[in-house]
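User: Hi, I'm new to reading protein structures. Could you walk me through one, feature by feature?

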2 protein chains.
Amino acid sequence: MLHNDTFLRALLRQSTDYTPLWIMRQAGRYLPEYNATRARAGSFLDLCKNPDLATEVTLQPLARYPLDAAILFSDILTIPDAMGLGLYFAEGEGPKLERPLRDEWEVRNLSVPDPDTHLSYVMNAVSQIKRSLSGSVPLIGFSGSPFTLACYMVEGGGSEDFRHIKGMLYRRPDLLHQILEVTTESVILYLNAQIAAGAQAVMVFDTWGGTLSTPAYQAFSLAYLRRIAEGLTKQADGRRVPNIVFTKGGGLWLESIAEIGFDAVGLDWTIELSDAKARVGEKVALQGNMDPSVLFGSPEAIENEVERILTSYGPHPGHVFNLGHGISRFTNPEHVGILVDAVHNVSRRIHKKS
Amino acid sequence: MLHNDTFLRALLRQSTDYTPLWIMRQAGRYLPEYNATRARAGSFLDLCKNPDLATEVTLQPLARYPLDAAILFSDILTIPDAMGLGLYFAEGEGPKLERPLRDEWEVRNLSVPDPDTHLSYVMNAVSQIKRSLSGSVPLIGFSGSPFTLACYMVEGGGSEDFRHIKGMLYRRPDLLHQILEVTTESVILYLNAQIAAGAQAVMVFDTWGGTLSTPAYQAFSLAYLRRIAEGLTKQADGRRVPNIVFTKGGGLWLESIAEIGFDAVGLDWTIELSDAKARVGEKVALQGNMDPSVLFGSPEAIENEVERILTSYGPHPGHVFNLGHGISRFTNPEHVGILVDAVHNVSRRIHKKS
């Protein structure tokens, strides 16, 4: 029994009384209580791998704000870690992999990890979070996209120019396709295991697809995203499990992204929501898309931007409010409260008028 | 007397026998001769401020490859430096400013530098390069866009999240407009002084405009670019001086960018050239747009990508080939030769067929 299913209904373009919202990276470093738990955990990785602590931080933003969904607290590189590439965190930097894929034999040796053995800590976290939520709001499971995971797997970490993976793409496309094949299969099994463990919606983060040319995006990211859409479990506990795809910087390709079979498409803040809506029509719901930097602004600027975005979408069903990227660690938590209230209040007014 | 005016003709959408090309950052660290000169100079800044050395490195890529234009060797932050903000280079990092603008009084104190006194080293480099080129190919002058310069001026350097300037944008838009007013006036004077010193085309690099939302881009970048287009000298030595604007990540806004009065619009590699052309019609020439990472690929991959891009544009006038971003320091110089030959050969074939 789910008390607030506004988020799931919006993803399926069913009517709602207001626009639901959640915030990418809502359990994160802008919250003092998160930093306290993380300090207790030791490292970020310990936090991800301990279901009690992962549950604790997942619920923290929901205790502060009336958000309409919870999202599993985990890292984007759990799959490469389960493949044996050795996830670690260098102080003050993003996630890194000890053994990036550079040689052909390393690529040939890659295999699909069994989510219920190699990633059982994630499934335990999903079940425990789900129990703790007691049906208050839905729980979102997530994974990186095959191309985004491959970026980390080949570069060994974040990158400014992605020269190793792009070098492979333009020199040995067969090797990159091999990595993407194995990773795609892994993502499907991983997300379906999260759904089996209790996730009520799933999202695929294609953080780096937007760094590709149009034909390279189609061949090396979109084609594999399509296979994920096909392979995902669509129904669980007698209810549709909606799925969301988000290619950051993918605004130019919106029509193609809307056609691969996901229920909803995430948008970054560079695109106007009214334009996006006109371009996708009734095909998908849309999720986004406020610049996280607006939260550095004045309360008035936050309220004005919320009003602008919600008005741009209008009173139609099928919009989930979110930021266009993860919330910054430098955000004032009070400003998040202003955002959440503004989205709920303004959207109730817009939905009533219709 | 200009021996090869193909580049200038293409920018004005006049017919040419082949598609001219130059390469963003063509005088750069991928060339061993550049690294040798830079080692002799001491620092990057010494290289920029010494007209003899700036001339030497500007000409180096032209000695290797039959490129169709030279571009002034300089830094993007010469204007903020001339404003007194203190340009320096931390080892292994991009340019930084010692005294970023954070307080209102710092913004209020900002004034337009006189290019002929505070930036005379740039004008000396332009004249000297122009003399050394002896009319072989045209010389391009350049500047950062007001918004891009403001990013550095407020952040104090490059940034992942631009939180200081965006904080200002959403908290004190009046202060940011004040910075942009002074910077716009400075850019116009700076580029016109380069034209007076001999630059035969000018380009404005809006490297960071693409990090803004659509309305913020229009108000804080595009509006000031329009004023630059209006303020630029259009004719020198009895010849049109074409101008180019390049907003990296601006593909979604192409129609608006094409309308502000520049002769040509630069494109990054995420957009299909045929789509870009369909969207701008006859309004502007286009410059771009190969992913610099293709140069990490095989010679065949480079040739295929050149063929794909040139075919996408077709036999029409108004295309200057370039990369969609500066060339990487990790590029094999032989691959640049393959690129240059492919662009000339393939485009001659395409132009002949028409």
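User: Let's start with strand E8 of chain A: how many of its residues are buried?

Analyst: Keep in mind that this is a predicted model. Burial is about crowding: a residue counts as buried if 20 or more other C-beta atoms lie within 10 Å of its own. In strand E8(A), residues 243-247, five of five residues are buried, and the strand is mostly covered.

User: Which way do the residues of E8(A) point?

Analyst: Asn243(A), Val245(A) and Thr247(A) point one way, while Ile244(A) and Phe246(A) point the other way. Both sets are buried.

User: Which strands does E8(A) pair with?

Analyst: For strands, look for bridges. E8(A) pairs in the parallel sense with strand E5(A), residues 201-206, over five bridges. Three bridges also join E8(A) to strand E9(A), residues 264-266, again running parallel. Try following Phe246(A): Phe205(A) stands opposite it, and in E9(A) its bridge partner is Gly266(A).

User: Zooming out, why does the radius of gyration of chain A agree with a compact globule?

Analyst: You compare the value with what the chain length suggests. A compact globule of 354 residues would have a radius near 20 Å, and chain A has 19 Å, so the two agree. Buried residues make up 56% of chain A.

User: And how many residues are in contact between chain A and chain B?

Analyst: Interface size is often given as the accessible area lost when the parts come together. Here we can count residues instead: 25 of chain B are in contact with 26 of chain A. On the chain B side, helix H10(B), residues 163-171, gives the largest share, five residues. By class, that side has nine nonpolar, 10 polar and six charged residues.

Technical notes
Residues are numbered from 1 along each chain as its sequence is written. Chains are lettered from A and ligands numbered from 1 in the order in which they are written. This is a predicted model: local features need pLDDT of at least 70, side-chain atom pairs count only at pLDDT 80 or more; totals for chains, interfaces and linings use all residues. A residue is buried if 20 or more other C-beta atoms lie within 10 Å of its own, exposed if 12 or fewer, and partly exposed in between; C-beta atoms are placed from the backbone. Helices (H or I, at least four residues) and strands (E, at least two) are DSSP runs, numbered from the N terminus. Two strands pair if DSSP finds at least two bridges between them. Two residues are in contact if their C-beta atoms, placed from the backbone, lie within 7 Å. Ala, Val, Leu, Ile, Met, Phe, Trp, Tyr, Cys and Pro count as nonpolar, Asp, Glu, Lys and Arg as charged, and the others, Gly among them, as polar. The radius of gyration is taken over C-alpha atoms; the globule rule is 2.2 Å times the number of residues to the power 0.38.
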